[in-house]
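The following paragraphs explain how a protein chain is put together, from a pair of charged residues to the sheets and the chain as a whole. Please keep the model in view while reading.

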Amino acid sequence: MSTTGTDTVSGVEHILKEAGWRVCDGATRELRQGGEAVRAPSEAPGTTLYLLYVDRVLAGLVAVAPGATGLDDLLTTADEQAVTLATLHTRWAWEGRPLPFRYATNGHAWLFRNALDAEDDNDTRSRRVFAPAQPQTVARWLYEAEHHPDAPTLRARMRRLPAVSLDRERLREAQYRSIKELEKSFGRGDQRALIQMATGAGKTYTVVQSSHRFLAHAGAHRVLFLVDRNNLGEQAYSEYYDFQPLGAKEPLHRLFPLKRLSGGGIADSDKIVITTIQRLWCMLSGLPVPDLSDEEFEKERADSLIGPRSTVQYRPELPPDFFDIIVIDECHRSIYGRWLPVLNYFDAHIVGLTATPIAPTFGFFDENLVSSYTFEEAVADKVNVDYDVYKISTRITREGSVIPAQITTVAPDGEVEQMNTKIAHIDRMTRAEHWRQQDEDDSYASTELNRRVQSRSQLRTVVKTFRDKLFTEIFPPVTDPETGEIVHERVIVPKTLVFARDDVHAESIVQAFRSVFGKGDGFCAKITSKASRPGKLLKEFRNEPGMRIAVTVDMIATGTDVPALECLVFMRDIRTWSYFEQMKGRGARTIKPEDLARVTEDALCKDRFVIVDTVGVTQHPMVDARPLVRDELAPMPSLERLLRACGERRALGPDDAATLAGRLSRLGQHLDGETRAEIERHTGGRPLAELVTGLVLASDTDRPPNVRVAASTEPDLDPTPAPTLTAALAPFTESEDLRQALLDAARNRWLLVDHISQDGGVIAEGLTDEQLAQSVVEDWKEYVRKHQAEISALRTVFEARMPPREVFQKLNELIEKVRETRRPWTKELLWKAYVDLGIARGRRRRNAGWPEFISVLRLELGLDGDGFRPYPSTVEDRLREWLARQETAGVTFTEEQLKWLSLITGVVARSATVTWDALEVGPCLEEGGGQGAFIEAFRDGWQPEELIEELDRELGA
């Protein structure tokens, strides 16, 4: 849009008309039903005003100042004129009060303030919007304000929601806390809120509950549940469809109609809408939404996603004010790149759901983490099941191998012969198999397995070892602890999910499992986005007993629920912490024994799952690196599609350029010398790596545009200016020969099949409790050593005998700092490790709490001498010291009082603190008689509640 005043005003009027407002002059206006934007004189120079009438009632205004840089100042001007106008116009329903709905725009950006949101006149908060609301929306806002004067807006009503009922039959503590904190956040005016909840802990059910509360009690008009994969949409639809609100006679979908968008539009009666962000983008970008099944649409839409960041335009049928609440499922993925304009289009509260937030996640949600519930906490609460690790390693897995150019054979007559080796090469695209002679020995490293070379023997050896150890070591027989006799043996392969590197690898794994187990096609299947009808296969794997093993690449790696899963086999390595946690979470779901038995007949219960690590994924540290191929939500544009877009001179944005860089970088790792030379013949001799570097620099939008990276670490050298995106893409847009050479290299990138090397040297073992504990304790001690200053500060906290609540605050701060390092430690895990190594002693090995954690900290701080001291012993010593001080002061205790002091000591030993309310539960109530009995026992010379506070300080934490 032009920046001239006339063009700006014209553009604003165009948007107003698109939004349904009839634009007219005040002199010629006739009062009509509907929405009217009436031009009016402005007191501010260079500002044009539009008064917004709805059904002849003045409701708001738009202040337009072409070229204005300070929209906040312009909105302040609008506010001042809104006050004046409200006193001059009698058609505003609440005479004497300022006009509620005010917009300010410079023609490029819009700022909106709803004066009715505020709890007082000084509490108004403005927000950016894509465009003004439609007249029918403003009419609804006016109606709600007049009928609910004490809570006239959605935000005001969110502040007055009825208390959440903690019905423990329907709501877990973490879900209850998430709902309460989410409502508190939105009630104070936050636009975005993040909920971190462990996989399997019920994130979707939580927002289903919240959706009902927002719709039924806060008067929200419509809720959008946004996913990036169709199978996640199916799961969400089931959760909403099956939900029965507490006390309601009908299910949620009858009270508030539910729509899963798979074609067509959205009716005004649809109150809960579920769709993929890709389909929503098609609707907002003006592209036709293909009339296909969801699975077909997932495959077909890829070509249309090449280009710059997804742009959107105003759609009258889907205006920015269409949704009040937007829920983004699995929001740890890169919704913040290509799809950001889709999210910024809507003027709605946004809720993010994830088990594994990363830095961009926190940034998008303004670091507003309203609730956090980790995997370890979920295991401690028995919401999730814990896992064991079983390692399978082979010689080729560890060392790689050599494909010889010649092999020695012995003829029937005993003559030794040398034969040239022929090796199968598989075309990754067509799966065609070609046999070629080896000209020289080919040595490959373990890191090249299933990237450049596939070893059939290595694959079979891993699968055979899995089969042979499955019912002896991975899922061993259950024995009687006293007699050692076997009381239960399993023979049915547990539901198992195998993670493969790519589709070719997945197909080979499927064939290996079928062959080694001697089973048919229904026993093991590939479930990837490239499979035929993957949704049907996933449903069968989840619900039917026939399919025992599924092999996937990414499709079932995150978000997908298969509660009966008992085994995860990693045949690909993962270096990213968040992705590994998501994959691990597939096995963490709990399931009722009777439901498990329906699909796995001989399974008694699911009290754990097993990670079978065949690649060392559990043995190296994880990172949160930003990948070059950034857009995880879209199917990755292939190299062919990206190069085709370059040839057609389509504008590629930073995300696509980064993806192209990633594709070319991976291609470059597998080029032989001849192919590399052919490519460089079309680049003027420039190495492919140099072109990739140019793309990386140009697509890095996080750095300043002209100075993005230094060419050297030498301080005297000036930073190298990053090339523009156009310049970085020029070699690919200008040279058809280069594009063809790259495509030929990619298409001819054969996968070598090593059918000669014989694998062996199998190491198969489960990690013992002692091995796992050793790793945890060593890592913990290393952390303590590196953060000595922070840890030592706790010494003062303990020695100063601060009140337990202050101690807990300091300890929680420590735990949060530890979590930032991505370590999986919790109070429970550390305590279990110390017990398993024989360092700590206590009755509880699992589900430990503050007392156990404090005893570990005191050990590391040297507060209890050189050895470990159980926390109950520390509390008993403190009681004896306190009694001695009382005796010195001349105080004596009755037998009843000493009994109470013993009961209170037990409370502190179990929880590290004691409160007045603790007297009404457990042994204090059952053996002591509760608060009344305590008051009676200490009625002479004591203030009972003050005594509890003193004992809490003296004995606790």
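In this predicted model, arginine 39 has a relative accessibility of 29% and therefore counts as partly exposed, because the buried class ends at 20% and the exposed class begins over 50%. Its salt-bridge partner is glutamate 13, and the closest N and O atoms of the two residues are 2.7 Å apart. The pair links distant parts of the chain: glutamate 13 belongs to helix α1 (residues 5–18), arginine 39 to strand β2 (residues 35–40), and 26 residues separate them. Glutamate 13, with a relative accessible area of 11%, is buried. The two ends of this salt bridge thus fall into separate classes, since glutamate 13 lies under the 20% limit for burial and arginine 39 lies between the two limits. A further acidic residue takes part here, as Glu13, Asp25 and Arg39 are linked in a network of salt bridges.

Strand β2, which carries arginine 39, is also a member of an open sheet. Seven strands make up this sheet, in the order β1-β2-β3-β4-β5-β6-β7, and their pairing is mixed. At its edges stand β1 (22–25) and β7 (126–129); each has a single partner strand, so one side of each lacks a neighbour in the sheet. From one strand to the next, the twist averages 25 degrees. Within the sheet, strand β5 (residues 101–105) and strand β6 (residues 110–114) run antiparallel and are joined by five bridges. One position in this pairing can be followed residue by residue: tyrosine 103 has phenylalanine 112 in β6 as its bridge partner. In general, strands of a sheet pair through backbone hydrogen bonds, in either the parallel or the antiparallel sense.

The edge strand β7 leads to a second salt bridge. Aspartate 347 and arginine 127 form this contact, with their closest N and O atoms 2.7 Å apart. It too links distant parts of the chain, for aspartate 347 lies in the loop between α11 (340–345) and β13, whereas arginine 127 lies in strand β7, 220 residues apart. How accessible is aspartate 347, buried or exposed? Its relative accessibility is 14%, so aspartate 347 counts as buried. Arginine 127, at 11% relative accessibility, likewise counts as buried.

The loop that holds aspartate 347 lies between α11 and β13, and β13 belongs to another open sheet. Seven strands form it in the order β10-β11-β9-β12-β13-β8-β14, and the pairing is parallel. The edge positions are taken by β10 (258–260) and β14 (369–373), each of which has a single partner strand, so one side of each is left without a neighbour in the sheet. On average, and with direction ignored, neighbouring strands of this sheet are turned by 15 degrees against each other. Strand β12 (residues 325–328) pairs with strand β13 (residues 349–354) in the parallel sense over four bridges. Isoleucine 328 has glycine 352 in β13 as its bridge partner.

Parallel pairing is found again at strand β29 (residues 608–613). Strand β15 (residues 386–393) runs parallel to β29, and six bridges join the two. In this pairing, tyrosine 387 stands opposite phenylalanine 609 of β29. Strand β28 (residues 567–570) also pairs with β29 in the parallel sense, over four bridges; there, leucine 568 has isoleucine 611 in β29 as its bridge partner. Strand β29 is mostly covered, with five of its six residues buried.

A third salt bridge joins arginine 575 to aspartate 573, with the closest N and O atoms 3.3 Å apart. Arginine 575 counts as partly exposed at 48% relative accessibility, and so does aspartate 573 at 31%. Both values lie between the limits of 20% and 50%, which is why neither residue is classed as buried or exposed.

These details belong to a chain of 957 residues, of which 53% count as buried. The chain contains 35 helices and 31 strands, and the structure holds 35 salt bridges. Among contacts in the chain with a separation of 6 or more, 69% are made by residues 24 or more positions apart. The chain exposes about 43,700 Å², and carbon and sulfur atoms supply 48% of that area.

Note on methods. Residues are numbered from 1 along each chain as its sequence is written. This is a predicted model: local features need pLDDT of at least 70, side-chain atom pairs count only at pLDDT 80 or more; totals for chains, interfaces and linings use all residues. Side-chain values use heavy atoms; hydrogens and water are left out. Buried means under 20% relative accessible area, exposed over 50%, partly exposed in between (1.4 Å probe, protein chains only). Contact means heavy atoms within 4.5 Å. Accessible areas come from the Shrake-Rupley method with a 1.4 Å probe; for residues, only the protein chains shown count as cover. Two strands pair if DSSP finds at least two bridges between them. Axes are lines fitted to C-alpha atoms, for helices over the stretch in contact, and angles run from 0 to 180 degrees between N-to-C directions. A salt bridge is a side-chain nitrogen of Lys or Arg within 4 Å of a carboxyl oxygen of Asp or Glu.
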